[in-house]
Amino acid sequence: MTRWPLPQPMAQALAEAARAAALGEVPIGAVVVKDGAVVAAAHNAPRSLADPTAHAEILAIRAAALALGSERLSGCELWVTLEPCAMCAGAIAHARIERLYYGAPDPKGGAVEHGARVFDQPQCLHRPDVYPGIGEAEAAEQLRAFFRKRR
């Protein structure tokens, strides 16, 4: 477990992930912050919404864009419990998210430090500052517990 208190946005992202798990969704949560205030929060909902793009990051980015009235989320931070996939990393770049904080790495499906490494590609339109491992133990345990129950 973390030896210090988690930053509030990551604690909120973990709470969103718990909501997803309670609905039978893979427990991933995301929070968008601007100027220290939470603008949007979401959890995974592909099954609930019958939408393969309804990842926590995508839903949080959509909600933040609506709340801020712009498709560009300059000056925003995204806090997410799991390393984003290629789709979500692309959305992060298109939204111009300034900083990305994520909990657990995802060697199988992640695309930030694993796999496609979207932000390292020359075609990437924008590269956020990336801070991995925030709340990693808590996020990884949520995922392990969820999949243990399903097996």
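How many salt bridges does a search of the whole structure find? The search turns up 5, a salt bridge being a side-chain nitrogen of Lys or Arg within 4 Å of a carboxyl oxygen of Asp or Glu. The model is predicted, so local features need pLDDT of at least 70 and side-chain atom pairs count only at pLDDT 80 or more, while totals for chains, interfaces and linings use all residues. Residues are numbered from 1 along each chain as its sequence is written, and side-chain values use heavy atoms, with hydrogens and water left out.

As for the sheet, 5 strands make up an open one with mixed pairing, in the order S2-S1-S3-S4-S5. Strands (E, at least two residues) and helices (H or I, at least four) are DSSP runs, numbered from the N terminus, and two strands pair if DSSP finds at least two bridges between them. Strand S2 (37-43) and strand S5 (129-132) sit at the edges, each pairing on one side only. Strands S1 (residues 29-34) and S3 (residues 76-82) run antiparallel, joined by 5 bridges; Lys 34 has Cys 76 in S3 as its bridge partner.

Strand S3 also takes part in a salt bridge: Glu 77 meets Arg 99, with the closest N and O atoms 3.0 Å apart. This pair links distant parts of the chain, Arg 99 being in strand S4 (residues 99-104) and Glu 77 in strand S3, 22 residues apart. Both Arg 99 and Glu 77 are buried, that is, under 20% relative accessible area (exposed is over 50%, partly exposed in between; 1.4 Å probe, protein chains only).

Helix H1 (residues 8-22) holds both Arg 19 and Glu 16, 3 residues apart, and their side chains form a salt bridge at 3.0 Å, N to O. Here Glu 16 is buried at 10%, whereas Arg 19 is partly exposed at 44%.
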